[in-house]
Amino acid sequence: MFKSEGYLYILNKKLPIFSALFLSSLIMSAPKLSLEQERLLESLPEDTAASVRMKIINQQSLTDEIDKAFEEVNTLVLRPEKREMTYEERAEYERKSRNWVFGYELFDLAPTTFAPATDIPIPSDYPIGPGDKIKVQIVGGGSGLRNPPQELVVDRSYNIALDNVKPFNLAGLTFKEVKTLIQAEVANRYIGAEAVVSLSDLRTIKVFVMGSAYMPGSYSVSSLASITNVLYVSGGVSDIGSVRNIQIKRQGKIIHTFDLYDLLLKGDTSKDLMLQSGDVIFIPVIRKTARIQGAFRRPALFEIKDGETLQDLIQYAAGTQSEAKLSSAELNRVNNNRGVREILKLDVSVKENLSLEIKDGDMFFVPSVT
């Protein structure tokens with residue numbers, strides 16, 4: 001590269017000074033070549049070397065852009081490590097948690113705020129209510145330019161008013177039914193037109209958490225909030241609250257009973273009901289518990305319901321370990337008539353013994369083979 005009569009001669013081509021300077025700045029800001037690549041280029045003719053150099057630089061720039069893009073969209077993070085406890089902290093935690101019913105630990109680290117995701121798909125059976133924003137875009141039939149998208153807020157009487165279309169009353173309708181209603185009316189009003197209907201914003205509802213709750217009170221949550229969402233933000237149940245008889249009350253009547261063990265032990269969310277404004281989550285006091293110890297995969301204190309058997313209790317504990325001595329099981333039970341505890345020797349390898357009904361305060365123990 002050399003200067004002569006207002007031009008820079010680069011690679012045997014005469015260019016205006018400003019173009020040459022621009023090209024020179026691009027080369028200077030481009031990725032650097034390795035020492036080996038530079039040596040290979042020196043062995044090539046000047047024109048060929050220039051062409052190869054630019055191809056290498058372009059390839060490296062493209063590679064850098066791809067790597068950067070992957071870094072920006074990568075959402076993988078390292079698995080969080082459990083907090084290490086000191087000996088004193090571990091002893092205190094075990095002392096406190098010994099009488100925790102299985103399920104309480106789910107709420108041990110409840111969040112201070114609750115912000116449910118707003119970008120999740122809206123279920124077709126979502127009930128439309130006051131405060132929901134419905135977005136309507138009319139397309140086709142020559143209406144696209146004259147009709148920008150309309151955002152309609154459902155008022156307290158469950159009404160919305162679409163331009164040039166009669167008002168709608170949406171009381172008791174689901175999102176799927178509302179879409180069908182609006183699309184049918186627009187199709188009748190505009191020849192060849194079609195309505196695209198979506199929910200742009202969801203209303204906020206107020207629900208109550210009462211009874212043996214960790215923090216009783218009223219909570220404002222998304223209209224998509226379910227029972228577990230509200231339990232989690234409210235801190236869950238207190239140390240005397242039931243996790244298997246959580247009642248949902250609507251207008252003073254129990255409409256649903258939620259058993260947290262369905263979720264914890266089976267992963268079943270089918271009974272995790274979506275709440276409505278004014279609903280009350282009532283947590284009664286726990287009534288019956290039984291402890292299971294010894295050679296089990298998950299020994300713990302469990303809440304039990306009427307009619308549940310020894311087999312149910314073993315299933316809650318995830319079954320026995322391979323070294324369990326099933327023929328030497330012990331059931332420690334309170335005899336209220338005599339006012340003492342009694343120990344029943346059981347062989348739980350016998351199917352008939354598994355049908356024994358569990359009572360409040362029972363302690364079941366299976367030793368290991370030694």
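**Entry 1: β9 and its partners**

I start with a term I need here: two strands pair if DSSP finds at least two bridges between them. I also note that this is a predicted model.

I looked up strand β9, residues 204-211. Which strands are joined to β9 by bridges? I found β10, residues 217-222, joined to β9 by six bridges. The two run antiparallel. V207 has Y219 of β10 as its bridge partner. Five residues make the link in this hairpin.

I then turned to β13, residues 280-283. Four bridges join β13 to β9, and here the strands run parallel. I noted one pair across them: M210 stands opposite F282.

**Entry 2: helix α5**

I moved to helix α5, residues 175-189. Does its span agree or disagree with 1.5 Å a residue? I worked it through. The 15 residues should span 21 Å at that rise, and the end C-alpha atoms are 21 Å apart, so the two agree.

Next I asked which residues of α5 are buried. I listed F175, V178, I182 and V186. Looking down the helix axis, I saw these buried residues fall within an arc of 60 degrees, so they line one face of α5. The face turned away from that buried side carries K176 and N188, both exposed.

What do the buried residues of α5 pack against? I wrote down four strands: β4 (133-139), β6 (159-160), β7 (168-169) and β8 (194-201).

**Entry 3: the five-stranded sheet**

I traced an open sheet of five strands. Their order is β15-β14-β18-β16-β17, with mixed pairing. The edges are β15 (300-303) and β17 (340-346), and each of them pairs on one side only. I noted an average twist of 20 degrees from one strand to the next.

**Entry 4: β16 between its neighbours**

I followed β16, residues 329-335, within this sheet. Seven bridges pair β16 with β17 in the antiparallel sense. I picked out two bridge pairs. N332 has I343 in β17 as its partner, and V334 has R341.

A hairpin connects β16 and β17, with four residues between the strands. I checked the turn and found G339 with a positive phi of about 75 degrees.

I then looked at β18, residues 363-366. β18 runs antiparallel to β16, and three bridges join the two. Here L331 stands opposite F364.

Is β16 mostly covered or mostly open? I found it mostly covered, with five of its seven residues buried.

**Entry 5: R333**

I stopped at R333, which is found in strand β16. Is R333 buried or exposed? The cut-off for buried is under 20% relative accessible area. R333 has 13% relative accessibility, so I count it as buried.

What does the R333 side chain meet? I found a polar atom of this side chain 2.8 Å from the backbone oxygen of E357. I also found a polar contact at 2.7 Å between the side chains of R333 and D362.

I finished with the contacts of R333, leaving aside neighbours within four places in sequence. From β17's stretch of numbering I wrote down V340, R341 and E342. I then added L356, E357, I358, K359 and D362. Two of these names were already in my notes: E357 through its backbone oxygen, and D362 through its side chain. R341 was there too, as the bridge partner of V334.

Terms used. Residues are numbered from 1 along each chain as its sequence is written. This is a predicted model: local features need pLDDT of at least 70, side-chain atom pairs count only at pLDDT 80 or more; totals for chains, interfaces and linings use all residues. Side-chain values use heavy atoms; hydrogens and water are left out. Axes are lines fitted to C-alpha atoms, for helices over the stretch in contact, and angles run from 0 to 180 degrees between N-to-C directions. The expected span of a helix is 1.5 Å times one less than its number of residues. Buried means under 20% relative accessible area, exposed over 50%, partly exposed in between (1.4 Å probe, protein chains only). The arc is that of the directions from the helix axis to the C-beta atoms. Contact means heavy atoms within 4.5 Å. A polar contact is a pair of N or O atoms within 3.5 Å; within protein, one must be able to donate a hydrogen and the other to accept it, and residues adjacent in sequence count only if both atoms are side-chain atoms.
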